[in-house]
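Trainee: I should like to learn how to read helix packing, burial and aromatic pairs in a structural model. May we work through an example together?

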Amino acid sequence: MSIWKHLPAAALVDRLEPPQGRISMVLDTDTYNEVDDQFALAYALLSPETLNVQAIYAAPFLNTRSTSAADGMEKSHAEILRLLDVMNRDLPVFKGSTGFLPASDTPVDSPAARDLVQRALAMPDDELLYVVAIGAITNVASALLMEPRIAHKIVIVWLGGNAPGYPSAKEFNLDQDKHAARVVFDCGAPLTLIPCFGVTSHLLASVPELQAHIGGKNTLCDALIELFAAYEHSHPNWSKEIWDIGAIAYLIQPDWMPSILMHSPLITDDAHWGHDETRHLIRIAYFCKRNMVFDDLYQKLSSL
């Protein structure tokens with residue numbers, strides 16, 4: 001028997017409309033995993049006219065920059081605090097899961113998941129909490145499993161998977177925790193998916209470009225350029241995706257990340273998309289207006 005009580009179709013479609021005006025949000029981020037989360041976090045905090053960032057959650061990750069999912073989460077937590085210090089900002093920051101979901105019905109308790117449950121349930125009846133996830137979606141799925149009622153109090157914006165027409169859905173955020181991904185695709189909570197390859201893969205930047213636009217503007221800009229350059233120092237003219245800013249750009253100006261409604265996909269065990277037109281709807285971005293996004297990002301980073 002399913003624990004999920006889906007919204008009526010009309011109510012779901014209404015909540016899937018791109019956001020208008022200022023929204024309340026939390027950011028779930030595997031900040032130490034790469035270099036894009038730092039840009040995304042700074043972008044969100046420098047957009048107070050549209051984004052009221054209430055809390056930040058450290059997400060787990062496992063790759064060559066961590067020895068375990070727990071180590072990845074701890075390093076992300078420290079990186080969040082480091083970036084907030086550079087920006088001279090003070091926000092609630094919570095540690096997330098120390099491991100990925102062992103099954104699609106089993107949450108991993110954490111301070112981040114508990115805070116998300118508390119914040120979502122405390123939202124006024126006429127306001128929704130936007131949950132913006134730019135890593136493995138373990139913390140968010142855990143909160144949903146711990147308290148299914150929050151599915152009616154939140155809107156999830158997740159940067160994960162690849163575009164539906166891409167040969168595979170296999171992508172770092174999705175593939176690390178397929179159980180968690182299945183939770184968010186199955187639960188019926190309003191979900192906007194920002195795909196990686198095919199959409200945010202257009203968000204390319206290079207060290208020379210960053211230096212030309214934001215070099216020397218302030219301590220934050222110089223720190224971000226140093227971080228970006230160190231990630232692949234052997235290729236000075238190399239371009240790299242700053243994937244995660246796509247999720248923030250969608251919230252700031254949805255027209256920069258055009259999207260459509262589609263039926264919530266299934267995820268096969270080998271990380272491909274499955275389709276079932278009887279399932280509820282989600283929103284999915286299908287394109288990225290790269291220049292608009294970077295113009296706004298550079299302007300805000302330079303203004304700190």
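Trainee: At what angle do α2 and α11 pack, and how far apart are their axes?

Mentor: Please note at the outset that this is a predicted model. For a pair of helices, one reads the angle and the separation of the axes together. Here α2 and α11 pack at an angle of about 70°, and their axes are 10 Å apart. Angles from 65 to 115 degrees count as roughly perpendicular, so α2 is roughly perpendicular to α11.

Trainee: Which residues make the contact between α2 and α11?

Mentor: On the α2 side, the contact involves Phe39, Ala42 and Tyr43. On the α11 side, Val293, Asp296, Leu297, Lys300 and Leu301 take part. The spacing of such residues is best read with helix geometry in mind. With 3.6 residues a turn in an α-helix, residues three or four places apart point the same way.

Trainee: How do the axes of helix α8 and helix α11 cross?

Mentor: Helix α8 (residues 207-214) and helix α11 (residues 290-303) have axes that come within 10 Å and cross at roughly 50°. This crossing makes α8 oblique to α11. A further descriptor is the hand of the crossing, and α8 passes α11 in a right-handed one.

Trainee: Which residues of α8 and α11 meet?

Mentor: Glu209, Leu210, His213 and Ile214 represent α8, and they meet Arg290, Tyr298, Leu301 and Ser302 of α11. Leu301 deserves a second look, since Leu301 is also listed in the contact between α2 and α11.

Trainee: Let us turn to aromatic rings. How many aromatic pairs are there?

Mentor: The count comes to eight aromatic pairs. A pair is read from the distance between ring centres and the angle between ring planes. Take Phe39 and Phe228, which form an edge-to-face pair with 6.4 Å centre to centre and 80° between the planes. Phe39 belongs to helix α2 (residues 36-45) and Phe228 to helix α9 (residues 219-231), so this pair ties together parts that are 189 residues apart in sequence.

Trainee: Are Phe39 and Phe228 buried or exposed?

Mentor: Phe39 is buried, with a relative accessible area of 0%. Phe228 likewise counts as buried at 0% relative accessibility. Pairs may also join into clusters, and Phe39, Phe228 and Trp238 form one such aromatic cluster.

Trainee: What kind of aromatic pair do Tyr166 and Phe197 form?

Mentor: Tyr166 and Phe197 are stacked, with 5.5 Å centre to centre and 10° between the planes. Tyr166 lies in the loop between β5 (154-159) and α6 (172-176), while Phe197 lies in the loop between β6 and β7 (204-206); the pair thus links distant parts of the chain, 31 residues apart. Tyr166 is partly exposed at 35% relative accessibility, and Phe197 is partly exposed at 35% relative accessibility.

Trainee: Where does the charged end of Arg65 sit?

Mentor: The charged end of Arg65 sits over the ring of Tyr32, at 4.6 Å from the ring centre.

Trainee: How many residues of helix α10 are buried?

Mentor: Burial can be read over a whole element as well as residue by residue. In helix α10 (residues 245-252), eight of the eight residues are buried, so the helix is largely enclosed by the rest of the structure. Among them are Ile245, Tyr250 and Ile252.

Trainee: Where is Ser97 placed, and which residues does Ser97 contact?

Mentor: For a loop residue, one combines location, accessibility and contacts. Ser97 is in the loop between β3 (93-95) and α4 (111-121). Its relative accessible area of 0% makes Ser97 buried. Leaving aside neighbours within four places in sequence, Ser97 is in contact with residues including Ala58, Pro60, Met73 and Thr138.

Trainee: Where is Gly188 found?

Mentor: Gly188 is in the loop between α7 (178-186) and β6 (191-194). At 5% relative accessibility, Gly188 counts as buried. Not counting residues up to four places away in sequence, Gly188 touches His6, Leu12 and His280. The C-alpha atoms of Gly188 and Arg279 are separated by 9.1 Å, although these residues are 91 residues apart along the chain.

Trainee: How far apart in space are Ala9 and Asp30?

Mentor: Ala9 and Asp30 are 33 Å apart, C-alpha to C-alpha, with their places 21 residues apart in sequence. Ala9 is in helix α1 (residues 9-15) and is exposed, with a relative accessible area of 59%.

Methods:
Residues numbered from 1 in each chain as written. Predicted model: local features only at pLDDT ≥ 70, side-chain atom pairs only at ≥ 80, totals over all residues. Heavy atoms only, no water. Helix = DSSP H or I, 4+ residues; strand = E, 2+ residues; numbered from the N terminus. Buried < 20%, exposed > 50% of the residue type's maximum accessible area, 1.4 Å probe, protein only. Contact = heavy atoms within 4.5 Å. Phe/Tyr/Trp six-rings, centres within 6.5 Å; stacked < 30°, edge-to-face > 60°. Lys NZ or Arg CZ within 6 Å of the ring centre and 35° of its normal. Axes fitted to C-alpha atoms, helices over the stretch in contact; angles between N-to-C directions. Parallel < 35°, antiparallel > 145°, perpendicular 65-115°, else oblique. Left-handed = near helix turned anticlockwise from the far one by under 90°.
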